[in-house]
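Subject: Structure handover

Hi,

Here is the structure I promised to pass on. Please open it next to this email, then read my notes below.

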Amino acid sequence: MSNFEDADTEETITCLQITVYHPVQLQSGIFQSIRFYNREKLPSSEVVKFGRNSNICHYTFQDKQVSRVQFSLQLFKKFDSSVLSFEIKNMSKKTSLLVDNKELCYLNKIDLPDKCMVRFGDYQLLIEKEDGESLEFFETQFILSPTSLLQENNWPLQKPIPEDGCYSSCSTQDTFPTEMDENEL
């Protein structure tokens with residue numbers, strides 16, 4: 001038997017391609033700690049955190065407006081499926097996360113679609129999943145976009161999520177009814 005016949009079969013690896021954009025990315029260096037265009041291999045058991053704290057997060061943004069841990073991605077396998085999936089969880093108490101048009105408040109999580117736009121503040125991340133066979137590893141690959149991903153991909157334009165709070169219904173602050181005079185109606 002030849003070495004070729006004895007060799008292990010190479011498995012393809014699931015890859016998340018993450019294209020990022022921020023309006024001041026060239027002036028501010030907010031993405032300086034991210035290695036662009038290289039695939040990085042990670043164990044499938046790892047929860048990948050994004051934020052500004054380099055001691056906790058695997059991918060960091062050099063920006064005081066970003067939470068220490070902004071969001072996390074975790075790999076899982078659906079019951080009766082051989083395909084690996086990801087879930088995304090908002091870890092920020094201050095800022096909502098928009099996944100396509102779904103708003104995630106603090107600790108909310110959803111299954112990550114195969115292709116989606118993730119936004120918080122002025123950050124735009126287009127995440128695309130390329131399926132693979134390996135259950136042991138997955139890869140990430142970052143691409144820096146020179147232009148707004150919302151415009152480039154014809155995503156519906158929406159207001160950016162405020163960096164100091166929630167976009168709509170997720171506010172953790174109590175809201176009280178406002179008293180009005182009947183003549184103000």
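Which residue in β6 does Leu75 stand opposite? The partner is Phe86. Keep in mind that this is a predicted model.

**Overview**

The chain has 185 residues, and 41% of them are buried. Its secondary structure comes to three helices and 12 strands. About 11,600 Å² of the chain is exposed, with 47% of that area supplied by carbon and sulfur atoms. I also looked at contacts between residues at least 6 apart in sequence: 58% of these join residues at least 24 apart.

**Strand pairing around β5**

Start with the pair that holds Leu75 and Phe86. β5 and β6 run antiparallel and are joined by seven bridges. They form a hairpin, with six residues between the two strands. Look at Asp80 in that turn: its phi is positive, at about 60°.

β5 (residues 71-77) also pairs with β3 (residues 47-51). That pairing is antiparallel too, over four bridges. Here Ser72 of β5 stands opposite Lys49.

**Salt bridges**

How many salt bridges does a search of the whole structure find? The count is six. Three of the pairs are described here.

Arg39 and Glu139 meet through their side chains, at 2.8 Å from N to O. This pair links distant parts of the chain, 100 residues apart. Arg39 sits in strand β2 (residues 39-43), and Glu139 sits in strand β12 (residues 137-144). Glu139 is buried, at 13% relative accessible area. Arg39 is partly exposed, at 39%.

Glu87 brings us back to β6, the hairpin strand. Its side chain forms a salt bridge with that of Lys109, at 3.4 Å from N to O. Glu87 is in strand β6 (residues 84-90) and Lys109 is in strand β9 (residues 109-111), so the salt bridge ties together parts that are 22 residues apart in sequence. Is Glu87 buried or exposed? With a relative accessible area of 14%, Glu87 is buried, because the cut-off for that class is under 20%. Lys109 has 47% and is partly exposed.

Lys129 and Asp114 form another salt bridge, with the closest N and O atoms 3.6 Å apart. Lys129 belongs to strand β11 (residues 123-130), while Asp114 lies in the loop between β9 and β10 (115-120), so this pair ties together parts 15 residues apart in sequence. Lys129 counts as buried, at 16% relative accessibility. Asp114 counts as partly exposed, at 45%.

There is also a network. Arg39, Glu130 and Glu139 are joined into one by salt bridges that share partners.

**Backbone points to check**

Asp80 was mentioned above for its positive phi. Two further residues deserve a look for their backbone angles.

- Tyr37 is not a glycine, yet its phi is positive, at about 70°. It is found in the loop between α2 (25-28) and β2.
- Asp100 has a phi near 55°, again positive in a residue other than glycine. It lies in the loop between β7 (97-99) and β8 (102-104). Asp100 is partly exposed, with a relative accessible area of 23%.

Best wishes

Terms used:
Residues numbered from 1 in each chain as written. Predicted model: local features only at pLDDT ≥ 70, side-chain atom pairs only at ≥ 80, totals over all residues. Heavy atoms only, no water. Salt bridge = Lys/Arg side-chain N within 4 Å of Asp/Glu carboxyl O. Buried < 20%, exposed > 50% of the residue type's maximum accessible area, 1.4 Å probe, protein only. Contact = heavy atoms within 4.5 Å. Areas by Shrake-Rupley, 256 points an atom, 1.4 Å probe, with all protein chains shown as cover. Pairing = 2+ DSSP bridges.
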